[in-house]
Each structure stands twice: as C-alpha cells, then as structure tokens.
Amino acid sequence: MPQAVTHFIFSLVLFTVVWSCLHKKDAKIPLAYVLLAGLAGLLPDMDYALFWIMYTLGYLSDVNLVHRIFTHSLVFPLAFGLIAFVLMRVRLTIKHRQINAGAVLAIVAFGSLIHIALDAALSGYIRPLYPFSFVEIGTGLLDGIEPELRQQLMATFDGLIFVLWITYLALTKSIQRLI
Ligand SMILES: [Zn+2]
C-alpha cells in the first residue's frame, strides 16, 4: 500500500492543480487549504487508529477486519461531499478569519477520494461500493511481488516522493513560506 508521505503529497499537489485550474492566475491559494488537502489524503487510513485501539483493548487481532473497509469505500468521500454541498453557504469565524465550512468538507472529500484511488491504483484492492457491495477493484500492479518486498518498494517510493517534493519546494523557494 502507498505510505503516508505519498498520500499526503499526492493529495496536496493534485488539490493545488485543481484549485489553480478553477481560479484566476493571480489568485493566492490559502495555505490552510493546501495543508488540509494533504491531511485529508491521509484520512482513510485512520482506520489503522481504530485497529490499534481495538487491538489494545483486546477486541481485534486482524487489521484486515477494519482496514480498507468503510473508509476506503466511495461512500466515505461521497458523504463528506454531500455535507459540503449542504454547508456551502455556511461561514465560520476562527481567529478573526472567515472559513467556508462547505469548502473545508469538500477538500476532505477530495483528499479522501485521491487516497482511495491511489490505493486501488498502486497496491491492493478496495471495495468501492461497500457496504452495498463487496466487489473489490484494484490494478493488482504489484501482485507479483512478495508482500515484504512490496512494503520495501512502497517505503522507497515514499522516500523518493518526499525528496522530490522537498527539492521542488527548495528550488521554487516555496519552502521559505513553510518555515
Ligand atoms: Zn489506504
């Protein structure tokens, strides 16, 4: 499976691309939205947290009973998308800043969707219509590689993505905005 950095950066970069396409050239993208897109790209794997809690309490010993089940169904981002649509006109004020609640949830939906697509594309299978159907989809791209080696490959890919991203930020001087 793709690891945390891969999910974070893919979601963040794709969000930035989509946002740029939808806005005028000189429009400044809110940094908080960019960060949120990255974090939302990790959200579906929060089922690991549920596993560790259940495991610690002695209720569960197999991660596969919770991982890639509900949070990796298209129902998950769709639910956020629907709530986003309903709340599109709701504005919250946090620390004197106006935040569009619908936009925040739409970004969460976007990041979650990218996560699910990446999992299905790069490694393993997801159930896109769970709980309505148990049909699994995935490219099976790495099926021929042993599980342990697959983990190593994903870790290497994760490191490579991170180095490329940091290099890009340094070359474009964008990194100065983050420090
Ligand atoms: Zn995942």
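This passage walks through the core, the chain start, one helix and one hairpin of the structure above. The model is a predicted one, in which local features need pLDDT of at least 70 and side-chain atom pairs count only at pLDDT 80 or more, while totals for chains, interfaces and linings use all residues. Residues are numbered from 1 along each chain as its sequence is written.

A good place to start is the interior. The largest nonpolar core (buried Ala, Val, Leu, Ile, Met, Phe, Trp, Tyr and Cys residues joined through C-beta atoms within 7 Å) has 20 residues. Here a residue is buried if 20 or more other C-beta atoms lie within 10 Å of its own, exposed if 12 or fewer, and partly exposed in between, with C-beta atoms placed from the backbone. A37, I107, A109 and F110 have the most contacts inside this core. Two or more core residues come from each of the elements α1 (4–22), α2 (31–40), α4 (75–86) and α5 (101–122), and the largest share, 10 residues, is given by α5. Helices (H or I, at least four residues) and strands (E, at least two) are DSSP runs, numbered from the N terminus. Contact is taken as C-beta atoms, placed from the backbone, within 7 Å of each other. Leaving aside neighbours within four places in sequence, I107 is in contact with F15, Y33, L36, A37 and A40.

The start of the chain comes next. P2 lies in the segment before α1, and P2 counts as buried because 20 C-beta neighbours fall inside 10 Å. Not counting residues up to four places away in sequence, P2 touches H7, L118, D119, L122, S123 and M154. The C-alpha atoms of P2 and A117 are separated by 11 Å, although these residues are 115 apart along the chain.

Helix α4 has two contrasting faces. F76, P77, F80 and A84 are buried in α4. They sit on the same side of α4, because they cover an arc of only 90° around the axis; the arc is that of the directions from the helix axis to the C-beta atoms. The buried residues of α4 pack against α5, whereas the exposed residues L82, F85 and V86 are carried on the face turned away from the buried side.

A hairpin completes the picture. Strands β1 (residues 91–94) and β2 (residues 97–100) run antiparallel and are joined by four bridges; strands pair if DSSP finds at least two bridges between them. T93 stands opposite Q98 in β2. Two residues lie between the strands of the hairpin, and K95 in the turn has a positive phi of about 50°.

Technical notes
Contact = placed C-beta atoms within 7 Å.
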